[in-house]
Amino acid sequence: MPTHVSSPVTPLPRIGPYALPNRAILAPMAGVTDRPFRQLCRELGAGLVVSEMVTADARLWHTRKSRQRLDHAGEPGPRDVQIAGGDPEMLAEAARLNVAQGAEIVDINMGCPAKKVCNKAAGSALLRDERLVAAILESVVAAVDVPVTLKIRTGWCSESRNGIRVAQLAEAAGIQALAVHGRTREQRYRGDAEYDTIAAIKQAVSLPIFANGDIDSAEKAARVLDYTKADAVMIGRGAQGNPWIFREIEHYLRTGAPLARPTPAEIAAVMHRHLEALHAFYGEHMGVRIARKHVGWYLATRPQAAALRARFNVLEQPSAQHRFVDTLAHDAPALASNGSNAA
(Lines give C-alpha, C1' and ligand atoms only; values in the text may rest on other atoms or scores of the structure.)
Protein backbone atom coordinates (compact mmCIF):
# COMPACT_ATOMS: atom_id res chain seq x y z
CA MET A 1 0.00 0.00 0.00
CA PRO A 2 1.47 3.42 -0.92
CA THR A 3 2.62 5.60 1.94
CA HIS A 4 1.25 8.84 0.49
CA VAL A 5 -1.26 10.41 2.86
CA SER A 6 -3.93 12.86 1.85
CA SER A 7 -6.81 14.16 3.93
CA PRO A 8 -10.19 12.82 2.79
CA VAL A 9 -12.20 15.45 0.97
CA THR A 10 -15.44 13.50 0.69
CA PRO A 11 -18.30 14.38 3.01
CA LEU A 12 -18.51 12.59 6.33
CA PRO A 13 -20.46 9.33 6.02
CA ARG A 14 -24.13 8.89 6.82
CA ILE A 15 -26.03 5.79 7.86
CA GLY A 16 -29.59 6.54 6.88
CA PRO A 17 -30.58 9.69 8.81
CA TYR A 18 -27.47 9.60 10.99
CA ALA A 19 -24.49 11.76 10.00
CA LEU A 20 -21.33 10.48 11.66
CA PRO A 21 -19.17 13.13 13.35
CA ASN A 22 -15.90 11.64 12.07
CA ARG A 23 -14.41 8.66 10.22
CA ALA A 24 -13.33 6.45 13.14
CA ILE A 25 -15.72 3.65 14.16
CA LEU A 26 -15.41 1.04 16.92
CA ALA A 27 -15.87 -2.44 15.46
CA PRO A 28 -18.15 -4.95 17.17
CA MET A 29 -16.06 -7.51 19.09
CA ALA A 30 -17.57 -10.32 21.13
CA GLY A 31 -16.36 -10.14 24.71
CA VAL A 32 -14.85 -6.70 24.18
CA THR A 33 -17.31 -4.02 23.04
CA ASP A 34 -19.57 -4.18 26.05
CA ARG A 35 -21.36 -1.07 27.26
CA PRO A 36 -18.46 0.18 29.45
CA PHE A 37 -15.97 -0.07 26.59
CA ARG A 38 -18.35 1.43 24.03
CA GLN A 39 -19.00 4.42 26.26
CA LEU A 40 -15.29 4.92 26.90
CA CYS A 41 -14.44 4.81 23.18
CA ARG A 42 -17.24 7.22 22.38
CA GLU A 43 -15.94 9.65 25.02
CA LEU A 44 -12.47 9.40 23.46
CA GLY A 45 -13.60 10.22 19.95
CA ALA A 46 -15.26 7.22 18.27
CA GLY A 47 -17.77 8.50 15.74
CA LEU A 48 -19.87 5.35 16.07
CA VAL A 49 -19.71 2.32 18.36
CA VAL A 50 -21.23 -1.08 17.62
CA SER A 51 -22.39 -3.57 20.23
CA GLU A 52 -21.12 -7.06 20.76
CA MET A 53 -22.67 -9.65 18.47
CA VAL A 54 -26.04 -10.90 19.76
CA THR A 55 -27.48 -14.21 18.62
CA ALA A 56 -30.56 -13.97 16.44
CA ASP A 57 -32.16 -16.75 18.46
CA ALA A 58 -34.26 -14.76 20.93
CA ARG A 59 -34.91 -17.96 22.91
CA LEU A 60 -31.35 -17.57 24.24
CA TRP A 61 -31.72 -13.96 25.30
CA HIS A 62 -32.63 -14.92 28.86
CA THR A 63 -28.98 -15.73 29.64
CA ARG A 64 -26.93 -13.26 31.64
CA LYS A 65 -24.49 -12.81 28.74
CA SER A 66 -27.23 -11.97 26.27
CA ARG A 67 -29.00 -9.63 28.70
CA GLN A 68 -25.77 -7.71 29.20
CA ARG A 69 -25.11 -7.54 25.47
CA LEU A 70 -28.60 -6.15 24.95
CA ASP A 71 -28.18 -3.48 27.64
CA HIS A 72 -27.84 0.01 26.13
CA ALA A 73 -29.20 1.97 29.10
CA GLY A 74 -27.97 5.54 29.14
CA GLU A 75 -26.08 5.32 25.85
CA PRO A 76 -26.34 8.23 23.42
CA GLY A 77 -27.54 7.49 19.92
CA PRO A 78 -27.35 6.21 17.42
CA ARG A 79 -27.41 2.86 19.24
CA ASP A 80 -26.01 0.25 16.85
CA VAL A 81 -26.71 -3.43 17.60
CA GLN A 82 -25.11 -6.33 15.73
CA ILE A 83 -27.05 -9.57 15.24
CA ALA A 84 -25.77 -12.94 14.02
CA GLY A 85 -27.50 -16.00 12.66
CA GLY A 86 -28.25 -17.91 9.49
CA ASP A 87 -32.04 -17.95 9.22
CA PRO A 88 -33.70 -15.00 7.44
CA GLU A 89 -36.92 -15.10 9.47
CA MET A 90 -35.10 -15.45 12.79
CA LEU A 91 -32.76 -12.57 11.94
CA ALA A 92 -35.73 -10.41 10.90
CA GLU A 93 -37.47 -11.11 14.21
CA ALA A 94 -34.25 -10.39 16.13
CA ALA A 95 -33.99 -7.07 14.32
CA ARG A 96 -37.58 -6.18 15.23
CA LEU A 97 -37.04 -7.08 18.89
CA ASN A 98 -33.82 -5.08 19.10
CA VAL A 99 -35.49 -2.04 17.58
CA ALA A 100 -38.29 -2.40 20.12
CA GLN A 101 -35.60 -2.30 22.83
CA GLY A 102 -34.04 0.88 21.46
CA ALA A 103 -31.69 -0.09 18.63
CA GLU A 104 -31.44 2.71 16.07
CA ILE A 105 -29.17 0.84 13.63
CA VAL A 106 -29.13 -2.93 13.09
CA ASP A 107 -25.89 -4.50 11.84
CA ILE A 108 -25.78 -8.03 10.37
CA ASN A 109 -22.68 -10.11 11.07
CA MET A 110 -21.26 -11.93 8.06
CA GLY A 111 -17.67 -11.44 9.10
CA CYS A 112 -17.05 -13.43 12.29
CA PRO A 113 -14.53 -16.23 11.60
CA ALA A 114 -15.06 -18.14 14.87
CA LYS A 115 -15.69 -21.86 14.42
CA LYS A 116 -18.62 -21.92 16.83
CA VAL A 117 -20.31 -19.25 14.70
CA CYS A 118 -19.37 -20.62 11.29
CA ASN A 119 -20.35 -24.15 12.29
CA LYS A 120 -23.90 -22.84 12.74
CA ALA A 121 -23.86 -21.44 9.18
CA ALA A 122 -23.60 -17.88 10.48
CA GLY A 123 -20.95 -15.16 10.45
CA SER A 124 -18.51 -15.40 7.55
CA ALA A 125 -19.81 -18.90 6.67
CA LEU A 126 -22.76 -17.17 5.02
CA LEU A 127 -20.45 -15.78 2.31
CA ARG A 128 -20.42 -19.24 0.71
CA ASP A 129 -24.15 -19.01 -0.09
CA GLU A 130 -24.97 -15.81 -1.95
CA ARG A 131 -28.62 -16.77 -2.36
CA LEU A 132 -28.97 -17.06 1.41
CA VAL A 133 -27.08 -13.78 1.85
CA ALA A 134 -29.62 -12.02 -0.37
CA ALA A 135 -32.56 -13.61 1.45
CA ILE A 136 -31.22 -12.54 4.85
CA LEU A 137 -30.51 -8.98 3.78
CA GLU A 138 -33.90 -8.53 2.13
CA SER A 139 -35.71 -10.06 5.11
CA VAL A 140 -34.02 -7.90 7.74
CA VAL A 141 -34.31 -4.67 5.75
CA ALA A 142 -38.03 -5.29 5.24
CA ALA A 143 -38.56 -6.07 8.93
CA VAL A 144 -37.52 -2.74 10.46
CA ASP A 145 -37.76 0.96 9.75
CA VAL A 146 -34.24 1.76 10.97
CA PRO A 147 -31.06 1.57 8.87
CA VAL A 148 -29.59 -1.91 8.41
CA THR A 149 -25.86 -2.30 7.85
CA LEU A 150 -23.63 -5.28 7.09
CA LYS A 151 -20.14 -6.44 8.08
CA ILE A 152 -18.32 -8.94 5.85
CA ARG A 153 -14.92 -10.32 5.01
CA THR A 154 -13.52 -10.33 1.49
CA GLY A 155 -14.75 -13.91 1.03
CA TRP A 156 -14.53 -17.41 2.43
CA CYS A 157 -11.07 -18.16 1.04
CA SER A 158 -8.62 -16.85 -1.55
CA GLU A 159 -10.33 -18.92 -4.27
CA SER A 160 -13.76 -17.48 -3.46
CA ARG A 161 -13.13 -13.83 -2.73
CA ASN A 162 -16.66 -12.65 -3.54
CA GLY A 163 -16.79 -9.43 -1.55
CA ILE A 164 -17.78 -7.37 -4.59
CA ARG A 165 -20.77 -9.58 -5.41
CA VAL A 166 -21.92 -9.57 -1.78
CA ALA A 167 -21.59 -5.78 -1.68
CA GLN A 168 -23.76 -5.52 -4.79
CA LEU A 169 -26.36 -7.80 -3.20
CA ALA A 170 -26.26 -5.58 -0.10
CA GLU A 171 -26.84 -2.43 -2.10
CA ALA A 172 -29.72 -4.02 -4.01
CA ALA A 173 -31.33 -5.15 -0.74
CA GLY A 174 -31.29 -1.67 0.81
CA ILE A 175 -28.32 -2.03 3.16
CA GLN A 176 -27.23 1.46 4.28
CA ALA A 177 -23.50 0.91 4.91
CA LEU A 178 -20.98 -1.89 4.54
CA ALA A 179 -17.93 -2.68 6.69
CA VAL A 180 -15.28 -4.90 5.06
CA HIS A 181 -12.50 -6.70 6.91
CA GLY A 182 -9.57 -7.11 4.53
CA ARG A 183 -9.12 -10.84 5.10
CA THR A 184 -10.95 -13.99 4.05
CA ARG A 185 -12.52 -16.21 6.67
CA GLU A 186 -9.82 -18.81 5.95
CA GLN A 187 -7.17 -16.31 7.10
CA ARG A 188 -8.96 -15.59 10.39
CA TYR A 189 -6.52 -12.98 11.79
CA ARG A 190 -3.35 -14.43 10.27
CA GLY A 191 -1.18 -12.59 7.80
CA ASP A 192 -1.73 -9.01 6.77
CA ALA A 193 -5.05 -7.44 5.86
CA GLU A 194 -5.26 -6.47 2.19
CA TYR A 195 -7.02 -3.37 0.99
CA ASP A 196 -7.25 -3.95 -2.77
CA THR A 197 -10.56 -5.77 -2.38
CA ILE A 198 -11.93 -2.97 -0.19
CA ALA A 199 -10.91 -0.44 -2.85
CA ALA A 200 -12.61 -2.54 -5.54
CA ILE A 201 -15.79 -2.79 -3.47
CA LYS A 202 -15.81 0.98 -2.99
CA GLN A 203 -15.66 1.39 -6.77
CA ALA A 204 -18.41 -1.16 -7.37
CA VAL A 205 -21.15 0.25 -5.12
CA SER A 206 -22.38 3.62 -3.89
CA LEU A 207 -22.80 2.52 -0.26
CA PRO A 208 -20.69 4.06 2.50
CA ILE A 209 -17.77 1.65 2.93
CA PHE A 210 -15.90 1.19 6.21
CA ALA A 211 -12.41 -0.30 5.91
CA ASN A 212 -11.43 -2.74 8.66
CA GLY A 213 -8.34 -4.79 9.47
CA ASP A 214 -4.90 -4.04 10.96
CA ILE A 215 -5.57 -0.33 11.47
CA ASP A 216 -3.59 0.45 14.61
CA SER A 217 -2.56 4.10 14.28
CA ALA A 218 -3.78 7.41 12.95
CA GLU A 219 -1.20 7.32 10.19
CA LYS A 220 -2.30 3.85 9.09
CA ALA A 221 -5.92 4.98 9.11
CA ALA A 222 -5.08 7.87 6.79
CA ARG A 223 -3.15 5.61 4.40
CA VAL A 224 -5.99 3.10 4.25
CA LEU A 225 -8.58 5.80 3.59
CA ASP A 226 -6.40 7.32 0.89
CA TYR A 227 -5.74 3.97 -0.79
CA THR A 228 -9.23 2.49 -0.65
CA LYS A 229 -11.27 5.72 -0.86
CA ALA A 230 -13.40 4.21 1.91
CA ASP A 231 -15.66 6.55 3.86
CA ALA A 232 -14.41 5.58 7.32
CA VAL A 233 -12.17 3.14 9.14
CA MET A 234 -13.48 0.57 11.60
CA ILE A 235 -11.10 -0.18 14.46
CA GLY A 236 -11.17 -3.51 16.28
CA ARG A 237 -8.06 -4.93 17.93
CA GLY A 238 -6.26 -1.60 17.50
CA ALA A 239 -8.57 -0.13 20.16
CA GLN A 240 -7.94 -2.81 22.77
CA GLY A 241 -6.02 -1.11 25.55
CA ASN A 242 -5.82 1.95 23.32
CA PRO A 243 -9.18 3.76 23.28
CA TRP A 244 -7.32 7.01 22.50
CA ILE A 245 -6.84 5.82 18.91
CA PHE A 246 -10.18 7.36 17.91
CA ARG A 247 -9.32 10.92 18.86
CA GLU A 248 -5.85 10.46 17.37
CA ILE A 249 -7.36 9.41 14.04
CA GLU A 250 -9.85 12.26 14.06
CA HIS A 251 -7.12 14.79 14.83
CA TYR A 252 -4.72 13.44 12.21
CA LEU A 253 -7.33 13.39 9.46
CA ARG A 254 -8.42 16.91 10.34
CA THR A 255 -5.00 18.52 10.77
CA GLY A 256 -2.44 16.25 9.12
CA ALA A 257 -0.42 16.30 12.35
CA PRO A 258 -0.14 13.59 15.01
CA LEU A 259 -1.80 14.17 18.36
CA ALA A 260 0.36 13.82 21.45
CA ARG A 261 -0.06 10.48 23.18
CA PRO A 262 -1.84 10.54 26.56
CA THR A 263 0.26 11.25 29.62
CA PRO A 264 0.73 8.60 32.33
CA ALA A 265 -1.72 10.55 34.51
CA GLU A 266 -4.37 10.52 31.80
CA ILE A 267 -3.84 6.83 31.09
CA ALA A 268 -4.32 6.11 34.79
CA ALA A 269 -7.47 8.26 34.92
CA VAL A 270 -8.99 6.43 31.94
CA MET A 271 -8.10 3.04 33.42
CA HIS A 272 -9.78 4.05 36.69
CA ARG A 273 -12.93 5.10 34.83
CA HIS A 274 -12.91 1.86 32.87
CA LEU A 275 -12.53 -0.22 36.02
CA GLU A 276 -15.33 1.66 37.76
CA ALA A 277 -17.65 1.11 34.81
CA LEU A 278 -16.83 -2.62 34.60
CA HIS A 279 -17.39 -3.14 38.34
CA ALA A 280 -20.70 -1.27 38.19
CA PHE A 281 -21.97 -2.97 35.03
CA TYR A 282 -21.07 -6.57 35.84
CA GLY A 283 -21.07 -6.46 39.62
CA GLU A 284 -18.01 -6.82 41.79
CA HIS A 285 -17.33 -10.53 41.25
CA MET A 286 -17.59 -10.61 37.45
CA GLY A 287 -16.34 -7.07 36.99
CA VAL A 288 -13.02 -7.85 38.67
CA ARG A 289 -12.53 -10.85 36.38
CA ILE A 290 -13.57 -9.14 33.17
CA ALA A 291 -11.27 -6.22 34.03
CA ARG A 292 -8.29 -8.58 33.79
CA LYS A 293 -8.38 -8.89 30.01
CA HIS A 294 -8.90 -5.16 29.49
CA VAL A 295 -6.08 -4.19 31.83
CA GLY A 296 -3.93 -6.84 30.14
CA TRP A 297 -4.37 -4.94 26.88
CA TYR A 298 -3.49 -1.63 28.54
CA LEU A 299 -0.30 -3.24 29.84
CA ALA A 300 0.68 -4.97 26.59
CA THR A 301 3.23 -2.39 25.43
CA ARG A 302 4.81 -1.72 28.82
CA PRO A 303 8.13 -3.11 30.02
CA GLN A 304 7.62 -6.24 32.12
CA ALA A 305 4.10 -6.56 30.70
CA ALA A 306 3.85 -10.28 31.47
CA ALA A 307 4.88 -9.77 35.10
CA LEU A 308 2.45 -6.89 35.47
CA ARG A 309 -0.41 -8.91 34.02
CA ALA A 310 0.36 -11.81 36.32
CA ARG A 311 0.33 -9.48 39.32
CA PHE A 312 -2.95 -7.85 38.32
CA ASN A 313 -4.67 -11.15 37.54
CA VAL A 314 -4.50 -12.38 41.14
CA LEU A 315 -6.23 -9.29 42.54
CA GLU A 316 -9.68 -10.13 43.86
CA GLN A 317 -11.09 -6.78 45.00
CA PRO A 318 -12.04 -3.64 43.06
CA SER A 319 -10.07 -1.51 45.51
CA ALA A 320 -6.93 -3.60 44.88
CA GLN A 321 -7.34 -3.15 41.13
CA HIS A 322 -7.61 0.61 41.56
CA ARG A 323 -4.50 0.69 43.76
CA PHE A 324 -2.64 -1.26 41.10
CA VAL A 325 -3.42 1.49 38.59
CA ASP A 326 -2.31 4.19 41.04
CA THR A 327 0.99 2.43 41.57
CA LEU A 328 1.38 1.75 37.86
CA ALA A 329 1.24 5.45 37.07
CA HIS A 330 4.27 6.03 39.28
CA ASP A 331 6.41 2.92 39.17
CA ALA A 332 5.29 -0.09 37.13
CA PRO A 333 8.47 -2.13 37.67
CA ALA A 334 8.16 -1.82 41.44
CA LEU A 335 4.55 -2.89 41.22
CA ALA A 336 5.46 -6.08 39.41
CA SER A 337 7.40 -7.33 42.42
CA ASN A 338 6.01 -5.45 45.39
CA GLY A 339 2.27 -4.88 44.76
CA SER A 340 -0.31 -5.71 47.40
CA ASN A 341 -3.43 -7.86 47.05
CA ALA A 342 -5.08 -6.50 50.16
CA ALA A 343 -8.67 -5.30 49.89
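Begin by selecting Asn212 and Lys151 in this predicted model, where the side chains of the two residues make a polar contact of 3.0 Å. Asn212 is found in strand S10, and its relative accessibility of 5% falls under the 20% limit, so the residue counts as buried. If you now display what surrounds Asn212, leaving aside residues up to four places away in sequence, you will find that it touches Ala27, Lys151, Val180, His181, Gly182, Ile198, Met234, Ile235 and Gly236.

Next, colour the positions that the UniProt record, an unreviewed entry, annotates as "binding site": Pro28, Met29, Ala30, Gln82, Lys151, His181, Asn212, Gly213, Asp214, Gly236 and Arg237. Both partners of the contact at the start of the tour, Asn212 and Lys151, are included in that annotation.

From this set, select Arg237, which lies in the loop between strand S11 and helix H9 (245-255). Is Arg237 buried, partly exposed or exposed? With a relative accessible area of 41%, Arg237 is partly exposed. Its side chain is joined to that of Asp214 by a polar contact of 3.3 Å, and, again not counting residues up to four places away in sequence, Arg237 touches Met29, Arg183, Tyr189 and Asp214.

Now switch to a cartoon view and follow the sheet, an open arrangement of 9 strands paired in parallel, in the order S4-S3-S11-S10-S9-S8-S7-S6-S5. Strand S4 (48-49) and strand S5 (54-55) stand at the edges, and because each has a single partner strand, one side of each is left without a neighbour in the sheet. At the S4 edge, strand S3 (residues 24-26) pairs with S4 in the parallel sense over 2 bridges, and here Leu26 stands opposite Val49 in S4. Then select helix H8 (residues 218-228), which packs on the sheet and touches strand S10 (209-212) as well as strand S11 (232-235), with its direction making about 135° with that of S11.

The last stop is helix H5 (residues 130-143), whose 14 residues should span 20 Å at 1.5 Å a residue; the C-alpha atoms at its ends are 20 Å apart, which agrees with that expectation. Which residues of H5 are buried? Show the side chains of Val133, Ala134, Ile136, Leu137, Val140 and Ala143, which are the buried residues of this helix. To see what covers these buried residues, add helix H3 (88-100), strand S7 (105-110), strand S8 (148-153) and helix H6 (163-173), which are included in that cover.

Notes. Residues are numbered from 1 along each chain as its sequence is written. This is a predicted model: local features need pLDDT of at least 70, side-chain atom pairs count only at pLDDT 80 or more; totals for chains, interfaces and linings use all residues. Side-chain values use heavy atoms; hydrogens and water are left out. Two strands pair if DSSP finds at least two bridges between them. Helices (H or I, at least four residues) and strands (E, at least two) are DSSP runs, numbered from the N terminus. Contact means heavy atoms within 4.5 Å. Axes are lines fitted to C-alpha atoms, for helices over the stretch in contact, and angles run from 0 to 180 degrees between N-to-C directions. UniProt positions are given in the numbering used here, feature names are shortened, and annotations may be inferred rather than shown by experiment. Buried means under 20% relative accessible area, exposed over 50%, partly exposed in between (1.4 Å probe, protein chains only). A polar contact is a pair of N or O atoms within 3.5 Å; within protein, one must be able to donate a hydrogen and the other to accept it, and residues adjacent in sequence count only if both atoms are side-chain atoms. The expected span of a helix is 1.5 Å times one less than its number of residues.
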